[in-house]
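Please look through the sequence and the model shown here before reading on. The report afterwards takes up a few places in turn, for a reader who has not met this structure before.

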Amino acid sequence: MFAEVAFNLATGRCFDYAVPEEWPPGKVYPGCRVRASFHGVEQSGYVLKLKETSSYRALPLLAVEDASRQFPPQLLRLADWICHYYCASHECVIWNLLPAVVRKGEMQHREVVYLDLTEKARDPGSDAFRALTPKRQHVLRTLIRLGGSLPLKEALGTVDAGQSVIQALVEEGWLAKSRRVEERDPFRNAIIPRDAPKALTEEQAAALAAVKEALETPRPKPILLHGVTGSGKTEVYLQAIAHCLDQGRNAIVLVPEIALTPQTVFRFRQRFGEQVSVLHSGLTDGQRFDEWTRIAGGRSRIAVGARSALFAPFRNLGLIVVDEEHEATYKQDEMPHYNARDVAVVRGMLESCAVVLGSATPSLESYHNCQQGKYRLVEMKSRVDGHPLPPVEVVDMRLEHSLQKEKGKSSFFSRRLKELIDQTLSRHQQVILFLNRRGYATTLSCSQCGYTASCENCSVTYTYHRKQNKLMCHHCNTMLDAPSRCPDCGNPDIRMGGYGTERVEAVTRAIFPQAMVARMDSDTMTNAESYRKVLESFRGHRIDILIGTQMIAKGLDFPDVTLVGIIQADIGLNLPDFRSAERTFALITQVAGRAGRGQEPGRVVVQTCTPDNYAIASAQRHDYDAFAAQELPGRQALVFPPYAHLVLLQFRHEKEEVASQAAAHFAALLTPLLPPDTQCLGPMPAPLARLVGKFRFQILLRGENVRGIVAACRRGMAALSPAQLRKVPVEVDVDPRFLQ
Ligand code: ADP
Ligand code: ZN
């Protein structure tokens, strides 16, 4: 018997080892972690599969490691699929899907000593009990009051007695000591009231029925739940999960970013309590280890988390929910470049479970899959409680600016938006202002010589941050002191151009001095705690106007927000990316969806210089279908997704010519291998030609046969020498989200 083993050694391939004859059958199995000698050095690796023969002179395996460090066998086929589809090596995928803390095997369960009352200690009326000293009685009574069992440490802190009293009670058989595994539950200290299922609206009931049907079907189609903002998608997920648990199966819920969706996570905890594991990047190693083993051991039934929660080691999976399926954060931006939304569909297929993709603004890929009959479309067109979607007013900022010029002052607040903010404040309702750009000014330039402050490592300009009085690169995070005069010509007249949330905050405070204003962007929100605090203040009406970047676009449900202002809706429209219209439509729709979720109707003001753009016009009418109908023919004509697949290859190096030569060399190798009808664009410099000190060249491949394209890339890479690959790795991104 032979085992194929993957090591984490960046070799890009697997190696055969012989299973020693004397090992009992079943000792080695796919997914188990083994030790083996690799080029004379003992290494750990994972067994991917067992086979009868090997064409190599295979060395014997040395040992099998702790079973708690295995790769979940039920995920091996999924890992295999990811390798093939995303053109990644097995080792890269295996190492990526398994949390480091599990892989390393250093973490142990935490054991805690408990004190329990024995049978005779539970009856304070007995003669023997009453014969005890008052101090001993006090200890026992305290434990009775607290439920009969406490960790020893806590008991010592609670009772008015020392170690010796407790030890004597143990020796005389009143108390028993035991060691128990204690889970480092990140929610242990949070008291979360439980809530009951809500009575569903008609649309919700129909959506739930569709999911239930999928749960009863052996190989169900994925469901796209297209529900407008506030239509109550989460309640549908919750009740579907309850049904899934009743079947004895488990569920995974993916959310775009845990820190930005605290309300959603909270609602799962509220409904299902201890059965929920919340996986997020803020967990300590110990907590992550415990959550993982809780899931693997069947003690937790629901995993809620970002991207990587998709790999929760459940055995009997019934349902996967991908909330806000259109979000780009589901795509991992390093190897393997998988999209968790798409991999969720594959896991659903492999494990025959129901998959629900939910969004108010579905990706055109998912929408297209419905049109093709691959997914089932379920729509919820109205908000719960009959609250209407807020009317959206579009303000043409070109007219505003010319009017303002006549009056000799300029502002990024239109008169209409100002007027509505005033009205909203006087009614003691709340406002959200959205601008998808942080910082104070987007450029700093010299009025005389034309100098503009730009990053030394990246091909972008610096953003000015006034609070720190620093220039900052939003790509590589370089920070330097803002110059007081032009570094080139010494001119003291340095001008600021453009604006971000920091400036919007300053101007808002100046225009509405009576209002409490807060800003939420990655400059002010340094951790999950600050985020939670601001949201709490907003909920408690200690903030009237909340200003923010896309941090405030997602999932916030505040009933007293009746006005949403989008300061500059067209920021993303002019980016050189075929998805810019789609992203703009989605962002406006999502931000607008924060208004009017309570009893009072809401309003939305969209400020833009391109009011006629169809992305903005259809967002104004809340009309997704109209947007899709306009957008899709263009995609088809230009052979872009969803009508074709893209594969982006990038070559990065500190030296421009090294990167460009590597790209040219690979392009020459690759071209004859590509399937017919594949279009090959480039090599060319990436739109962001330099990033974090590296020059970037890219090749964009376009075609329908994505497997053929990936196979060609693989063969091309196999033709490169290991030294070449080490010098300039070929970064393969299948179905990229961004082309920069
Ligand atoms: P979506 O995710 O579709 O934007 P949510 O799931 O956040 O919408 O629901 C919006 C609000 O409506 C939430 O406050 C939720 O508690 C409430 N809600 C959802 N379903 C119902 C229902 N059937 N009856 C009453 N309130 C509901
Ligand atoms: Zn930079």
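The report below goes through the nonpolar cores, two buried polar residues, one helix, the surroundings of a ligand and some backbone features.

## The model and its nonpolar cores

The structure is a predicted model, and the description should be read with that in mind. The largest nonpolar core in it has 76 residues, and those with the most contacts inside this core are Phe71, Ile82, Phe311, Ile320, Leu649, Phe651 and Leu701. Helix H21, residues 656-670, gives the largest share of this core, namely seven residues. Apart from this core lies another one of 40 residues, which includes Phe434, Ala553, Val606 and Leu632. As a general background, nonpolar side chains in soluble globular proteins tend to be buried together.

Leu649 shows what the surroundings of one core residue look like. Beyond its neighbours within four places in sequence, Leu649 is in contact with Phe666, Leu670, Phe697, Gln698, Ile699, Leu701, Cys713, Val730, Glu731 and Val732.

## Two buried polar residues

Gln650 has its place in strand S28, which covers residues 645-653. Gln650 counts as buried because its relative accessibility is 6%, the limit for that word being under 20%. Its side chain is joined to that of Arg652 by a polar contact of 2.8 Å. Leaving aside the neighbours within four places in sequence, the residues in contact with Gln650 are Ala686, Arg696, Phe697, Gln698, Pro729, Val730, Glu731 and Gln740. One of these partners, Ala686, is 36 residues away along the chain, while the C-alpha atoms of Gln650 and Ala686 are separated by 8.2 Å.

His337 sits in the loop between strand S14 (317-323) and helix H12 (340-350), and because its relative accessibility is 4%, His337 too counts as buried. Its side chain makes a polar contact of 2.9 Å with the side chain of Glu731. When the neighbours within four places in sequence are left aside, His337 is in contact with Tyr86, Lys331, Gln332, Glu731, Val732, Asp733 and Val734. Glu731 is thus a contact of His337, and Glu731 is also listed among the contacts of Gln650 and of Leu649.

## Helix H5

Helix H5 has twelve residues, 134-145, and because each residue is taken to add 1.5 Å, the helix should span 16 Å, which agrees with the 16 Å between its end C-alpha atoms. Within H5, the residues Gln137, Val139, Leu140, Thr142 and Leu143 are buried. In an α-helix there are 3.6 residues a turn, so residues three or four places apart point the same way. After H5 comes Gly147, whose phi is positive, near 105 degrees.

## The surroundings of ligand 1

There are 17 residues around ligand 1, and those that come nearest are Ala199, Gln204, Gly230, Lys233 and Asp557. The largest share of this shell, three residues, comes from helix H9, residues 233-246.

Which side chains have polar atoms placed close to polar atoms of ligand 1? A polar side-chain atom of Gln204 is 2.8 Å from a nitrogen atom of the ligand. In the side chain of Lys233, an N or O atom is 2.9 Å from an oxygen atom of ligand 1, and for the side chain of Lys198 the corresponding distance to an oxygen atom of ligand 1 is 3.4 Å. On its own, ligand 1 has 560 Å² of accessible area, of which the protein covers 79%.

## Backbone features

Most residues other than glycine have a negative phi, and most peptide bonds are trans. Against that background, Cys87 has a positive phi of about 55 degrees although it is not a glycine. Cys87 lies in the loop between helix H1 (76-85) and helix H2 (90-97), and at 3% relative accessibility Cys87 counts as buried. Asp735, likewise a residue other than glycine, has a positive phi near 55 degrees. The place of Asp735 is in the segment after strand S31 (731-734), and Asp735 counts as buried at 17% relative accessibility.

Two peptide bonds that lead into prolines can be described as well. The bond from Pro641 to Pro642 is cis, with omega near 5 degrees, and Pro642 is found in the loop between helix H20 (624-637) and S28. Gly682 and Pro683 are also joined by a cis peptide bond, with omega about 10 degrees, and Pro683 lies in strand S29, residues 679-691.

Technical notes:
Residues numbered from 1 in each chain as written. Chains lettered and ligands numbered in written order. Predicted model: local features only at pLDDT ≥ 70, side-chain atom pairs only at ≥ 80, totals over all residues. Heavy atoms only, no water. Helix = DSSP H or I, 4+ residues; strand = E, 2+ residues; numbered from the N terminus. Buried < 20%, exposed > 50% of the residue type's maximum accessible area, 1.4 Å probe, protein only. Polar contact = N/O pair within 3.5 Å; in protein donor to acceptor, adjacent residues only side chain to side chain. Contact = heavy atoms within 4.5 Å. Expected span 1.5 Å × (residues − 1). Core = buried A, V, L, I, M, F, W, Y, C linked by side-chain atoms within 4.5 Å. Near = heavy atom within 4 Å. Areas by Shrake-Rupley, 256 points an atom, 1.4 Å probe, with all protein chains shown as cover.
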